[in-house]
Amino acid sequence: MHKPMTKLIPIFIDGKKWVQLSQLSKEQERKIKSWLPVSCLKKLLFNGIELKDCIDFETYEYWFKSYQVGSQKASALDF
């Protein structure tokens, strides 16, 4: 049975919302990276620190909702 996913909270950089994929569990990170085109991954500078593997929050949120719906359907068939 799938455990519920925790949704990441975005960070604001230059007026846009971003999430860093390394904040996800290894399984979730692997799943979203296999779903995303590599060109979506960005390197961003935040308070002098380079953050790798960032995607915009809207893309992450779309994936999160799609993945949750897929997981719920799979769980419903798990009887």
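User: What pattern does the protein chain follow, read along the sequence?

Analyst: Read from start to end, the protein chain follows the pattern β-β-α-β-β-α, which amounts to two helices and four strands. Helices (H or I, at least four residues) and strands (E, at least two) are DSSP runs here, numbered from the N terminus. This is a predicted model, in which local features need pLDDT of at least 70 and side-chain atom pairs count only at pLDDT 80 or more, while totals for chains, interfaces and linings use all residues. Residues are numbered from 1 along each chain as its sequence is written, and side-chain values use heavy atoms, with hydrogens and water left out.

User: In what order do the strands sit in the sheet?

Analyst: The four strands form an open sheet in the order β1-β2-β4-β3, with antiparallel pairing; two strands pair if DSSP finds at least two bridges between them. β1 and β3 (42-46) stand at the edges with a single partner strand each, so one side of each has no neighbour in the sheet. From one strand to the next the twist averages 60 degrees, where axes are lines fitted to C-alpha atoms, for helices over the stretch in contact, and angles run from 0 to 180 degrees between N-to-C directions.

User: And how many bridges join β3 to β4?

Analyst: Four bridges join β3 to strand β4 (residues 49-56), and the two run antiparallel. L45 stands opposite E50 in β4.

User: Switching to charges, how many salt bridges turn up in the whole structure?

Analyst: A search of the whole structure finds four, a salt bridge being a side-chain nitrogen of Lys or Arg within 4 Å of a carboxyl oxygen of Asp or Glu. One of them is between the side chains of K7 and E61, at 2.8 Å from N to O. That pair links distant parts of the chain, since K7 is in the segment before β1 (11-13) and E61 is in helix α2 (residues 57-76), 54 residues apart.

User: Are K7 and E61 buried or exposed?

Analyst: K7 counts as partly exposed because its relative accessibility is 33%, and E61 is also partly exposed, with a relative accessible area of 24%. The cut-offs are under 20% relative accessible area for buried, over 50% for exposed, and partly exposed in between (1.4 Å probe, protein chains only).

User: Which residues share partners in a salt-bridge network?

Analyst: Start with E29 and K26, whose side chains meet in a salt bridge at 3.6 Å, N to O; both lie in helix α1 (residues 26-35), three residues apart, which is about one turn of the helix. The side chains of K33 and E29 meet in another at 3.1 Å, N to O, and because K33 and E29 are four residues apart in α1, about one helical turn separates them. Salt bridges with shared partners therefore join K26, E29 and K33 into one network. An α-helix has 3.6 residues a turn, so residues three or four places apart point the same way.

User: How accessible are E29, K26 and K33?

Analyst: E29 is buried at 9% relative accessible area, K26 is exposed at 65%, and K33 is partly exposed at 36%.

User: Which residues of α1 are buried?

Analyst: Q28, E29 and I32 are buried in α1. They cover an arc of only 100 degrees around the axis, which puts them on the same side of α1; the arc is that of the directions from the helix axis to the C-beta atoms. The face of α1 turned away from its buried side carries the exposed residues K26, R30 and S34.

User: Where is Q20 found, and what is it in contact with?

Analyst: Q20 is found in strand β2 (residues 16-20) and counts as buried because its relative accessibility is 16%. Leaving aside neighbours within four places in sequence, Q20 is in contact (heavy atoms within 4.5 Å) with L8, L51, K52, D53 and C54.

User: Last topic, the loops: what is phi of D14 and of N47?

Analyst: Phi of D14 is near 50 degrees, a positive value in a residue other than glycine, and phi of N47, likewise not a glycine, is positive too, near 55 degrees. Most residues other than glycine have a negative phi. D14 is in the loop between β1 and β2 and is exposed at 79% relative accessible area, while N47 lies in the loop between β3 and β4 and is exposed at 68%.
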